[in-house]
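Grab a pencil and open the viewer. Here are some short exercises, each followed by a solution you can check as you go.

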Amino acid sequence: MGTFIQLVVDGLSTGSIYAALALAIVLVNQATGLINFAQGGIAVLSAYIAFEFVRLGLPLILAILLAIVASFFLGALVERFLIRRFERGDQDTAVVVTIGLLTLVTGICALIWGYNNQQFPSLFPLTSVDVLGAVVSVRSLATTGTILVIMAVLQVLFLRTKLGLALRAVADNPGSAAFSGLPVGRLLMVGWGLAAALGAIAGVLVGPQLTLTPGMLDTALVYALAAVILGGLDSPIGAVVAAWAIGILENLVSVYVPFIGHDLKIAVPFALIFVILIVRPQGLFGRKVVVRV
Amino acid sequence: MTLLELSGVTASYGPVQVLDGVSLTVPEGGSVGILGANGAGKTTTLRAISGTVRTGGRISFAGRDIRGLRPDQVAALGVAHVPEGRGTLAQLTVRENLRVGAYLRKSRKAIAEDLDYCLDLFPQLQDRIGSRAAALSGGEQQMLAVARAFMAKPKLLLLDEASLGLAPSTAKSVYAAIRRLRLESGIAMLVVEQNANLAFSIVDSATVLETGRNVLTGSSAELKGMDEIRRAYLGG
Amino acid sequence: MGTLSSVGRRRPAHFRNRWLRPALIVVVAVVLIAAPLGLPAFANQTLVRVGVYAVAVLGLNIVMGYTGQVNLGQIFFVGLGAYVTAYGVTQGWNILLVFLAACAIAGLVGLLVALAAARLGGLAIAMVTIALPIVGVPLAKRLSDVTGGSQGISASFSNAPDWSGLFTDQWQYYIVLLVTAAAFLLARQLMRGKYGRAFSVVRANEAVAMSMGISPYRTKVLAFTIASIFGGASGFLYLAAVQYTSPETLSFGHSISLVAAMVIGGGGSILGSLIGGAYYVFVPQWTNTIDPNFTTVSQGVILLAVLFLLPEGLVSLPRVVRRLTRRATARPALKNPPQSTPAQPPTMEAAPEGLETTERHDRS
């Protein structure tokens, strides 16, 4: 029982990292109709930026906050100068642009900081607590808690603020939103900035565990995409729930199903997707897409 | 005082020239109609004003040249465009749609008052205030679109084919509400409408477009009296 | 017309001479056949590798360039084909059977993946195929009985037989030439026929395709399956050339490189696939000699540069240059001749708001 609880809590924690990336992906998709494959890469860059600030002597929390702010601006600039041009054309072209961006960002990280693993300090204490007879790491609990807080903040932002209303309006119908005076371009930049900030949070939360390397979030991105597919592209809640489910499931399977074990657990979410898609093509939470000619 | 002036406006979509020298004026508080058959360039004229299509010629609003401005910049100057197809923000609620309309305004009190006014103007919206816009009927969406535009307290309202896709009785009540809106607020209007009868119920004068050019301009009374108009647009 | 597709462009003026084209084909064929006999071994081996990846890129082009489905897992099928080939060779199967098995098994797996992924529409295929190499690597390591685990398998079947009187590199060249030529000709025929048209329509607008009686789902599945078959064939050629395969063969980084190579060579273009294959072989090798850490950055920069400046790939370079020079000479009075690549409206801000402002269709 103890192991089970431990696995579930750790699974929630890793799932929370996927959730942060998944939220970022959903956010960008809602706003601009694109999947940003560079989401993980930008997150890693942000983690490296925090790492650099720490190396320069700043306290960890400040370094992290600065990195999050930096990534917000980075995301906004990416939208304005790289993505904007492709937003209204073919989707597949825009996706390749994000792939090019991923390559570029990974390459920049490798060029500046090399491929060797860098040690990133943990924001949360590396101690454990006793929960229902299981030994559970504080970090796992805190990571999950952070995502819950983020979700609450986003909920408030989008449903109760003017900015959130404007972002949703632009995501819904940018042309029409402009007729009401909304500065669509600037709002898109904010949307991408927010997504990048979400990714940065994921990066600094998981950095201590995985150690910093340029490709650190490649696998996490794949899990996040699986979560988005399962949860439905238009449902932030669905993406988060799916991400947690994936995190927990992969942990449980890797221990209780030795055939799959630790190395093949990445196959689990996709086997799940395969099965679910046959039955429910729009994902677990998504709405059926209606295409108008 | 002239509020809006178009002079020799041209526009094209790629290689296709749609507007070939359109001119018109809308006085402050005035109401002008744009009539014509499908493809004559009526919608494109409105798009030229709100900045959603690139144009040549001269377009001035309140004395300022507005050619080349972004749509949100044109809106900020006091032009509210209700596009063809309504442009409702489908996933947002009726209340949220109206709040978006008031995006550029500051005074919470005035916005709340105007919201109440809209709901009084269009009682059907009051019933559906919490529903998603996508769930509304065509007529209700049209009302919502007009109300949202009004929420910006614009100086000029651009109305594009407000009767499109609506049952005749619905279209009539929408136009009746717009007429009341005009009388009570003194807003200027530029109305594109294929149904000339409806158009004449809210405009003082009109211009008729054909293949991107003005072919006839005059007051409503004059135009209504003309044989060509009667035959082409008023059913003989 | 999308930026990744140059389907349907006019043939340039000098190809209109009736005799020029067949003559050109004969010359090219003769050169291709005679070349290895005169070239040094290293050159032949390089050309062989170009052929290997050209076939892989060609397959990718069919599903991505023509049908518009972003496929991030093509390298998985190449690896799969290589593994099947290695297995078949070590089991002593007839080489033709091995080739067919490589293509068929890759195609079957592709079919299964497509049947599930294509249902979602949109970018689902991209999101799902990204998992293929990522799952493939640990899978290859795990199934060590069949795949030789992390060590991989060595299998050699392309040594020149005595009766040919050729060196091994030359023999390999001919094998690769045969398969590559067949693949390209097959692709060309397919793309020019009704399948190619169906692919283009589905790419442009699925709703329109449906109204024409074309099922987007089925078309995507077909395109993806064909791409996987070509991937499997490429894997066979890979093993012929390298005579060794390991989990590294189908890693994620290679998948992205293939996509980049396709775009840079020319999406939606048969010839572009060949250029893409050449790019894949030459450029990373070259940047590695400058500085290995620099390779990834340069790959990203080149890909983005091509997307911004030459979206239809290197294959469109002659056409673009011709258009630029024609404009410059035709209207010398213009201070800044307009770019021929996607028209940039003067105020970029207008792009998201405007409904019609940026008509990306007017490319010429």
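**Exercise 1. Work out how chain C and chain A touch, and what the chain C side is made of.**

Step 1: count the residues. On the chain C side 50 residues are in contact with 45 residues of chain A, where contact asks that the C-beta atoms, placed from the backbone, lie within 7 Å.

Step 2: list the elements. Those of chain C giving two or more residues to this side are helix 5 (124-129), helix 6 (131-142), helix 10 (206-211), helix 12 (252-265), helix 14 (292-309) and helix 16 (350-353). Helices here are DSSP runs of H or I with at least four residues, strands are runs of E with at least two, and both are numbered from the N terminus.

Step 3: pick the top contributor. Helix 14 of chain C gives the most, with 10 residues.

Step 4: sort by class. The side of chain C that touches chain A has 33 nonpolar, 10 polar and seven charged residues. Nonpolar covers Ala, Val, Leu, Ile, Met, Phe, Trp, Tyr, Cys and Pro; charged covers Asp, Glu, Lys and Arg; the others, Gly among them, are polar.

A word on the ground rules: this is a predicted model, in which local features need pLDDT of at least 70 and side-chain atom pairs count only at pLDDT 80 or more, while totals for chains, interfaces and linings use all residues. Residues are numbered from 1 along each chain as its sequence is written, and chains are lettered from A and ligands numbered from 1 in the order in which they are written.

**Exercise 2. Profile each chain in turn.**

Step 1: chain A. Its secondary structure comes to 11 helices and two strands, in the order α-α-α-α-β-β-α-α-α-α-α-α-α from the N terminus. The radius of gyration of chain A is 19 Å, close to the 19 Å that the globule rule gives for 293 residues, so chain A is as compact as a globular protein of that length. (That radius is taken over C-alpha atoms, and the rule is 2.2 Å times the number of residues to the power 0.38.) The C-alpha trace of chain A spans about 60 × 50 × 35 Å along its principal axes. Buried residues make up 57% of the 293 residues; buried means 20 or more other C-beta atoms within 10 Å of a residue's own, exposed means 12 or fewer, and partly exposed is in between, with C-beta atoms placed from the backbone. Take the contacts in chain A with a separation of 6 or more: 73% of them join residues 24 or more positions apart.

Step 2: chain B. Here you should find 10 helices and 10 strands. Its radius of gyration is 17 Å, close to the 18 Å from the globule rule for 236 residues, so chain B is as compact as a globular protein of that length. The C-alpha atoms of chain B fill a box of roughly 45 × 40 × 35 Å along the principal axes. In chain B, 49% of the 236 residues are buried.

Step 3: chain C. This one has 16 helices and two strands, and 51% of its 364 residues count as buried.

**Exercise 3. Describe how helix 2 packs on helix 3 in chain A, then zoom in on Ile42(A).**

Step 1: get the geometry. Helix 2 (residues 39-55) and helix 3 (residues 60-83) of chain A pack at an angle of about 140°, with axes 8 Å apart. Axes are lines fitted to C-alpha atoms, for helices over the stretch in contact, and angles run from 0 to 180 degrees between N-to-C directions.

Step 2: name the arrangement. That angle makes helix 2 of chain A oblique to helix 3 of chain A, since under 35 degrees is roughly parallel, over 145 roughly antiparallel, 65 to 115 roughly perpendicular and the rest oblique.

Step 3: check the make-up. The contact between helix 2 and helix 3 of chain A has 13 nonpolar, three polar and no charged residues.

Step 4: zoom in. Ile42(A) sits in helix 2 of chain A and is buried, with 27 other C-beta atoms within 10 Å. Beyond four places in sequence, its contacts include Ser71(A), Leu74(A) and Ala196(A). The C-alpha atoms of Ile42(A) and Ala196(A) are 6.7 Å apart, although 154 residues separate them along the chain.

**Exercise 4. Inspect phi at Thr211(A) and Thr211(B).**

Step 1: recall the background. Most residues other than glycine have a negative phi.

Step 2: take Thr211(A). Its phi is positive, about 60°, and it lies in the loop between helix 8 (184-210) and helix 9 (218-231) of chain A.

Step 3: take Thr211(B). Its phi is positive too, about 40°, in the loop between strand 9 (205-210) and strand 10 (213-219) of chain B.

Conventions:
Two residues are in contact if their C-beta atoms, placed from the backbone, lie within 7 Å.
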